[in-house]
Amino acid sequence: MIPAAFEYVRAGSAAEAVGLVGEFGEDAKLLAGGHSLLPLMKLRLASPSVLVDIGRVRDLSYVRDEGDHVAVGALTRHMDVQLSGVLLEHVPLLAYAAGFVGDPQVRHRGTIGGSIAHADPASDLPAVTLALGASYVLQGPLGVRVVPAAEFFKGFLTSVLEPDEVLVEVRVPKMGGAGWGFEKFTRRAQDWAMVGVAAWCRGSESGVALVNMGSTPVLASSVMVALGDGAGVVDAAELAVAEADPQADLNASVEYRTHLAKVLVRRALQTAQTPHTKP
Amino acid sequence: MTVTEQAPSTDPVSGATVGRVIGQRLLRREDPALLTGEAKFTNDLAIPGALRLALVRSPYAHARILSIDTSAAVAMPGVVAVYTATDLASLWAAPMPCAWAVTADMKNPAHYPLTSTKACYVGDGVACVLATSEAAARDAAEAVQVEYEPLDAVVDPEAALRDEVVIHDELGTNKSYTWDLKVEGHPGQVDEAFAAAAYTVSERYVQQRLLPMAMEPRAVAAVPQPFGGDITLYSSTQVPHILKVMTAITLGIPEQQVRVIAPAVGGGFGSKLDVYAEELLCVALSRKHGVPVRWNEERTENAHATVHGRAQVQHIELAADASGKLTAVRVRLIGDMGAYLQLVTPGIPILGAFLYAGVYDLPQAYDFSCTGVFTTMTPTDAYRGAGRPEATYAIERSMDAMAAKVGVDPMELRRRNYIGKEQYPYTAFSGLTYDSGDHLAAAEMAAEMADYPGVRARQVTQNVAGAPKRLGIGVSSYFEMCGLAPSRVLASLNYSAGGWESATVRVLPTNKIQVVTGTSPHGQGHETSWSMIVADKMGVSPEDVVVLHSDTAIAPLGLDTYGSRSLPVGGVAIAMACDKVIDKARKIAAHQMECAEEDLDFADGSFSVKGTPERAMPFAAIAFEAFTAHNLPDGLEPNLEAQVTYDPPNFSWPFGTHICVVEVDTETGQVEVLKYVAVDDCGVQVNPLIVEGQVHGGVIQGLSQALFEEAVYDTDGNLKTTTLAEYLVPAACDVPSLTLGHTVTPSPTNQLGVKGVGEAGTIGATPAVMNAVVDALSGLGVTNVQMPASPHNVWRTLQSVSAEGGSR
């Protein structure tokens, strides 16, 4: 529970943070809410030599209505995402799912940008934003680039984020009244999902993504295509794992995880297609 | 002046006399300091100049140690010394203690704080570092280079008995002992009963390993005193007195030079009822270096280095006559000892040996045998209930199996078998006397609170073919068998110590009262409860009573806190010491009021002359007279103080019935507890609020074994559940609200009528939950679910019965 020794520097702005991680290179890690990185460091599974703390960069904490989408600052705490009036109105799936991240303490410290940048396939918000067709704004020494969620995640805890880049904003399309469902299957409320499903549908359009069903968050494209082709929910859900690559762990075998994904995709879609009810 | 001659009424909840301090729901006086962080735990103590200890632990379950290179570690900043077992061999006068040789031929490998030639579990200490800071010590521990030759792990206790891989070469076998308890009215009665039985069941249950997970991991600080070689050992322990004796013996230090203090202790659940390597290392190295040495356990280290619990394979067979009445019980147990025998490791299964007939009226036809076996995993030892939850689980699960065989409702089968209220005191098959009980009353109260018939009716409509959620209800009736213990009974079990407890009650000049107890609380609220007992006896306010404990210099006599013994042994000792003080005070009162002792009544803190209550003398005045000693009876010593050592005549026998209602999602395997009813009878309740707290914690811990917790090892002997992310201790939102009820059957063996309650919830809960889970799925052909009944385990069970075509 004592991390290896490290240097600590605090950045006052996103630009300063970009400069600092550029200076220290691969040995540096950005520290936001600290609820993904610090546990790894305490177990000595991660030993960065420099921590660049961006936790006090206030201008990265916001939720803004940008017309066709909602812009969420990377340092917005889960609790603020959960309670945001703008998100509750325009992207209720994201607000709802944020309420299931960890426990209240985690939600008061952890940030949406930190959770996504960490690229843990077992985290909720990467898959939720993936299902919603979000894109992420990455700021680097040469400026910003905008990467669709579907192109961001590359493997377990890895993404296209360069060592000298900072994820500064999450852009989420408005849901336009789409029905939605979110299923998070856990042994305990505070746990990572054994399997999670975020889903929405509006007419022939839909978005379905899976938590903890592979080395990255998984977009269940086959389910979405089937729904677009007019398949029923029960049949479409049978395709839940077509893009997935589930692994076994202490809580679930591959077979059980596969089974759960199908059941939970079906349930999430049933909720999404049930008019006028929210979970 | 009031004289209360009218018959006192009894409070229906606590069983205590109305108007007395005993029976009131007083808030715990311990809590403000604990809740505000003011309480000091061992690792909070400021100890100037202390060196920090860190252990180098084996990453292998079973490996020969080929070489150890400490040179890099020694060279690191802040490092004072690095030691291997060889370096420290001369410091030990004896191996680490096992105080319970259950059989004369029990095999017990020599176990030292550091192992020298072989590591026998992941976490076994192979070297240690002393450094000026904890970070420096831990960094250096990582730099110690140990060359191992890995050997095959032994993680299946049944396979271990085949001795294909022998862990302790010098023993030549993995079997530690076999302990038998066969009781028959006439030779052959058990076999005859099974041959003649109308119904038999034969069940196999696996008690998974559990991690005790006290909220405070262990911590130790050994502080040499300025003069004469004395040493003070601070430890997060349940057993400062036992630790003092064992430290003296193991290190060859004269006992009078060792003082053990347990500061605030954040829970133990039995895991701190032990003598650990780190305690002995801190003492030995602080003496060697002449400076304080301290050690603090990390959570992951705690998972490896603190004893585990349960870990048994149980085979139980029941025989019953045509009415379902039990006629014989046969049990074959395999107890997984882990790699070594810790303080009471081999005795844990034996503590349950008398309870495999549960609360049922069984003839003398009982055949129990337990084999203890070594494996390459962390040693097991006491964990809340220690043998009794396992026994209760086996009998209560197999009673449900028997009910299915007989074709009667599980509650009805229990009714036919309960020991009747009129049979008490009841001499059991084993020769033990159960002091009091009314099992039927507790069961009927629980059934009513759980709406048992209503749930059974709902099952008929809900549990139809294809139902996505099935309803189940489970019952468990239990004995706690606690108040450890009559010393002579412990002697008959080959336990090395007695079971008495000591108390001193001392009246200070201003009528404040000091109580010195040999119990050692670590969350139980003894300061509150003991002050209530004294207040009740002496007619003072609880605030006027201070309770001193957990320091062997202040409370030199004691046998500490475990096995729900503190109240029925230690609390009763305090009441008896109060009686002695009152008797002495009576002599002074009689002398000063010029009357005979027998003419005095003592009530509400005042002595008064019978028939003339206006002639009275308050206790406070007598206390001051005893202090000044100006006018005492001839030959009477000054001061009011009494010491009592109480050896209980019997165990105490709390009992009760728990009922659990669950709904099982047959698609996902998820179990949801809809209702949990616990009716417990712990005799008279000193403080019902504390009783409820104990039942809450106990039930959740038992439910947690049923649904959440498991120490998982892989086949290489690696513990996979080493953090609270993998080892699933539930949080408040993950467990149901509990519905509690109580019956009160005062213990006839002690003056307070108390029985103890620390383990009752844990003992009752696990089988109640699992019976409910199996009941929910019984219509699908399920007869057993392996604990914990995780979604995965439930799903797998459903898959296997549907593959077998078991649906009906």
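Trainee: Hi! How many bridges join strand 10 of chain B to strand 11 of chain B?

Mentor: Four, and strand 10 (residues 231-235) runs parallel to strand 11. Two strands pair if DSSP finds at least two bridges between them. Helices (H or I, at least four residues) and strands (E, at least two) are DSSP runs, numbered from the N terminus. Across this pair, B:Thr232 stands opposite B:Arg259 in strand 11.

Trainee: Anything I should know before going on?

Mentor: This is a predicted model: local features need pLDDT of at least 70, side-chain atom pairs count only at pLDDT 80 or more, and totals for chains, interfaces and linings use all residues. Residues are numbered from 1 along each chain as its sequence is written, while chains are lettered from A and ligands numbered from 1 in the order in which they are written.

Trainee: Got it. And what order do the strands of that open sheet in chain B take?

Mentor: Seven strands line up as 3-5-1-12-9-10-11, with mixed pairing. Strand 3 (79-84) and strand 11 (258-261) of chain B are at the edges with a single partner strand each, so one side of each has no neighbour in the sheet. From one strand to the next, the twist averages 20°.

Trainee: Which strands does helix 4 of chain B touch?

Mentor: Helix 4 packs on the sheet and touches strand 1 (51-57), strand 3, strand 5 (125-131) and strand 12 (293-296) of chain B, with its direction at about 25° to that of strand 1. Helix 8 (residues 277-289) of chain B also packs on the sheet, touching strands 1, 5, 9 (219-224), 10 and 12. Its direction makes about 25° with that of strand 9 of chain B. Axes are lines fitted to C-alpha atoms, for helices over the stretch in contact, and angles run from 0 to 180 degrees between N-to-C directions. Contact means that C-beta atoms, placed from the backbone, lie within 7 Å.

Trainee: Switching topic: how many residues of chain B are in contact with chain A?

Mentor: 20 residues of chain B contact 14 residues of chain A. Helix 4 (134-143) and helix 21 (791-803) of chain B each supply at least two residues of that side of chain B. Helix 4 gives the most, with three.

Trainee: Cool. Now chain A: how many helices and strands are there?

Mentor: Chain A has twelve helices and 14 strands. Its radius of gyration (over C-alpha atoms) is 18 Å, close to the 19 Å from the globule rule (2.2 Å times the number of residues to the power 0.38) for 279 residues, so chain A is as compact as a globular protein of that length. Its C-alpha atoms fill a box of roughly 55 × 45 × 30 Å along the principal axes.

Trainee: And helix 8 of chain A, is it enclosed or exposed?

Mentor: Eight of the eight residues of helix 8 (residues 124-131) are buried, so the helix is largely enclosed by the rest of the structure. Buried means that 20 or more other C-beta atoms lie within 10 Å of a residue's own, exposed means 12 or fewer, and partly exposed is in between, with C-beta atoms placed from the backbone. A:Pro126 and A:Thr129 are among the buried ones. A:Gly133 follows the helix, with a positive phi near 70°.

Trainee: Last one: what does the model score?

Mentor: ipTM is 0.95 and pTM is 0.96. Chain B averages a pLDDT (the predictor's confidence in each residue, from 0 to 100) of 96. Over residues 1-5 of chain B, pLDDT stays under 50.

Conventions. Two residues are in contact if their C-beta atoms, placed from the backbone, lie within 7 Å.
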